[in-house]
Amino acid sequence: MSGIGLDVDREALFAIEQMNKAYARCLDDDRLEEWPDFFLDDARYLIQSRENRDAGLHGYILYFENRAMMRDRVKSLRIANYYNLHTDRHLIANVDIVGESEGVYDARANYAVIQTDAEGHSELFSAGEYVDRIEFRDGVPKFRERLVLLDTSNIVGLLAVPL
Amino acid sequence: MTETASSAGRIGSRSNSGGLVWPAEGWSRVPFELFCDPEIHALEDERLFRGPHWSYVGLEIELPEAGDYTTCYVGATPVVLVRDEGGVLRGFVNRCAHRGAEVVRKPRGNARGFTCIYHNWSYDRAGQVTGVPWEKGRGGVGGYDASFDKSRHRMQPLRVASWAGVVFGTFSDDAPPLEDYLGPAIRERLSAVFARPMMLTGYQRHTIRANWKLLYENSRDFYHAPQLHKFFGAFGIVQPDQAARAEMWHEGTHCLLTIYQDPGAPKPRIRLEEPRVAAFRTALPDNIAISIVGIFPNCLFTLIGSAFSIRQFRPKAPDRFEVHYTYFTYADDPECLREHLFQNNQFGPAGYVAMEDAEVVEKLQARIALGAEKGASLVAMDGTDTTPDRVDHMVSEANLRAMWKGYARFMGFAPPKGGTAKPVAERPDR
């Protein structure tokens with residue numbers, strides 16, 4: 001899509017922007033149990049490096065193809081896994097709709113996640129792009145797919161909480 | 001470099017040879033300074049990664065066509081692996097023979113040859129110089145004199161050899177033949193896994209702020225698995241008393257670790273809603289559920305269900321290393337790729353049974369780096385001896401002790417007093 005997008009569906013864009021804000025706040029507030037609610041039941045949540053994507057390779061850091069897998073992730077983080085004590089700040093910008101077909105919106109956004117450790121040191125943990133397919137249910141946008149495309153393909157430490 | 005501390009007060013005191021004397025308690029103690037000391041880090045590059053050992057450098061499936069190349073590191077040294085016109089794999093250091101600049105700039109690709117951007121020296125696929133701008137001068141002036149022979153210049157070669165499609169390289173003429181280096185059990189396991197056609201599924205890069213040996217040790221540490229990784233236990237996937245075996249080769253530094261299927265595993269307290277994440281339809285023989293193959297000094301194979309990976313260790317500093325993962329699965333069964341995508345959620349920097357390892361070794365490193373470097377870790381589960389070549393249960397650290405003994409020998413460190421390591425020739429001062 002060329003141009004500067006003045007013909008965008010403003011109502012849909014506003015709803016998608018609001019969803020991204022709520023998504024960021026949900027994760028940053030550690031309300032992980034609510035995170036799967038941003039997705040449709042059979043939605044995919046994928047984290048992939050740009051390196052693999054550009055090479056046409058299947059490698060994913062996380063590959064979830066339904067909401068049950070997202071709930072399993074949260075449950076495991078809560079009861080089974082040990083990971084770095086930290087807080088996240090998701091900064092999401094350049095939210096835009098880049099296409100629409102039969103009610104499915106193709107949207108993109110840039111993200112950066114700043115992590116702060118238990119001793120108060122903050123670092124840029126991950127930068128990249130959200131490549132989304134979004135449908136509306138009763139006026140509420142839901143992810144059909146969220147692909148987290150990592151520019152930061154070299155993960156420092158570990159990645160426990162969803163991006 | 002930090003100044004070399006005097007031997008006084010050190011658990012692992014320095015001998016005049018510049019090496020390290022192992023604690024008198026023996027192989028059940030591992031001096032923390034092995035994980036902190038810049039001199040030891042530099043010595044590892046010389047004696048392990050540039051010494052008479054074979055380092056993993058790639059898979060043949062990454063390089064199917066003439067001109068295909070990949071880049072990686074052998075210890076600190078950047079290397080290029082390329083398939084030449086005749087189909088032969090070549091390795092060389094990614095460093096221009098002229099001034100030392102990086103020549104191959106992309107991580108992987110296909111090329112007829114390579115050209116350094118600095119002064120446009122060009123190379124063939126084997127790393128041999130083929131072109132030098134202004135070699136004979138320009139406009140009748142300058143140029144190299146008659147003694148210059150560009151055919152005598154090349155990027156430093158790396159000997160390469162492969163087994164079952166897995167490619168290794170060494171800088172040393174003293175390394176034994178690769179088959180002997182791997183040993184019969186690892187050869188057999190690799191041959192069994194690679195008997196079917198494989199497809200490459202991706203790469204992953206991972207930086208861990210710890211010493212590389214902490215993770216290499218961790219990969220064979222039965223003791224930690226059920227204690228630290230609660231995912232298997234919480235969801236009833238693997239039980240701590242499951243039948244397991246560790247076989248050591250190459251003076252204890254390779255480890256062929258095998259955990260067998262346990263049909264009698266109790267029902268889990270909590271189930272995964274999506275069990276395909278951990279549903280292993282094993283393709284390995286003899287009822288093997290999990291096999292982790294550590295090939296010293298730089299690689300680990302993880303073979304579980306259809307989720308296969310190789311981790312290449314790339315030490316960067318005493319307290320920092322990178323792990324480069326290569327993922328692959330069987331190409332002859334489309335179900336394997338789907339299983340692979342599900343199962344791979346368990347591994348890598350975000351993996352259900354892997355994320356804790358990075359967390360533990362990073363926090364361990366932070367606690368031993370300053371003030372505690374004179375201490376040592378305790379590796380005394382199941383006795384204090386090194387079992388010669390095999391452990392048949394999970395309630396043991398004997399395979400760790402065997403590794404440290406072999407490591408010390410390859411590093412030229414004096415064995416503990418009363419220890420059983422073979423004597424090592426004194427080295428001149430560094």
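B:Ala246 stands opposite B:Val391 of strand 20 in chain B, and this pair is a good place to enter the structure, which is a predicted model. Strand 13 (residues 244-249) of chain B and strand 20 of chain B run antiparallel, joined by 2 bridges. On the sheet here packs helix 9 (residues 398-411) of chain B, which touches strand 13, strand 14 (254-260) and strand 20 of chain B. The direction of helix 9 makes about 10° with that of strand 13 of chain B.

Let's step back to see the whole sheet. Its 9 strands follow the order 7(A)-12(B)-18(B)-17(B)-16(B)-15(B)-14(B)-13(B)-20(B), forming an open sheet with mixed pairing. At the edges stand strand 7 (154-156) of chain A and strand 20 (390-391) of chain B; each has a single partner strand, so one side of each is left without a neighbour in the sheet.

Now walk over to the edge that chain A supplies. Strand 7 of chain A pairs with strand 12 of chain B in the parallel sense, over 3 bridges, and A:Asn154 stands opposite B:Arg205 of strand 12 in chain B. Strand 12 (residues 198-208) of chain B is mostly covered, with 10 of its 11 residues buried. Its pairing with strand 18 (residues 320-330) of chain B is antiparallel and spans 10 bridges; there, B:Met199 stands opposite B:Thr329.

Back at helix 9 of chain B, what else comes close? The axis of helix 1 (residues 38-49) of chain B comes within 9 Å of the axis of helix 9 of chain B, and the two cross at roughly 85°. That angle makes helix 1 of chain B roughly perpendicular to helix 9 of chain B. Helix 1 of chain B brings B:Ile40, B:Leu43, B:Glu44, B:Arg47 and B:Leu48 to the contact, while helix 9 of chain B brings B:Tyr407, B:Phe410 and B:Met411. Sorted by class, this contact has 6 nonpolar and 2 charged residues, and no polar ones.

Chain A has an open sheet to explore too: 6 strands in the order 2-1-6-5-4-3, again with mixed pairing. Strand 2 (62-64) and strand 3 (86-101) of chain A are the edge strands, each pairing on one side only. From one strand to the next, the twist averages 20°. Strand 1 (residues 39-49) of chain A pairs antiparallel with strand 2 of chain A over 3 bridges, and A:Tyr45 stands opposite A:Phe64 of strand 2 in chain A. Helix 3 (residues 67-79) of chain A packs on this sheet, touching strand 1 and strand 2 of chain A. The direction of helix 3 makes about 65° with that of strand 1 of chain A.

Key: Residues numbered from 1 in each chain as written. Chains lettered and ligands numbered in written order. Predicted model: local features only at pLDDT ≥ 70, side-chain atom pairs only at ≥ 80, totals over all residues. Heavy atoms only, no water. Pairing = 2+ DSSP bridges. Helix = DSSP H or I, 4+ residues; strand = E, 2+ residues; numbered from the N terminus. Contact = heavy atoms within 4.5 Å. Axes fitted to C-alpha atoms, helices over the stretch in contact; angles between N-to-C directions. Parallel < 35°, antiparallel > 145°, perpendicular 65-115°, else oblique. Nonpolar A, V, L, I, M, F, W, Y, C, P; charged D, E, K, R; others polar. Buried < 20%, exposed > 50% of the residue type's maximum accessible area, 1.4 Å probe, protein only.
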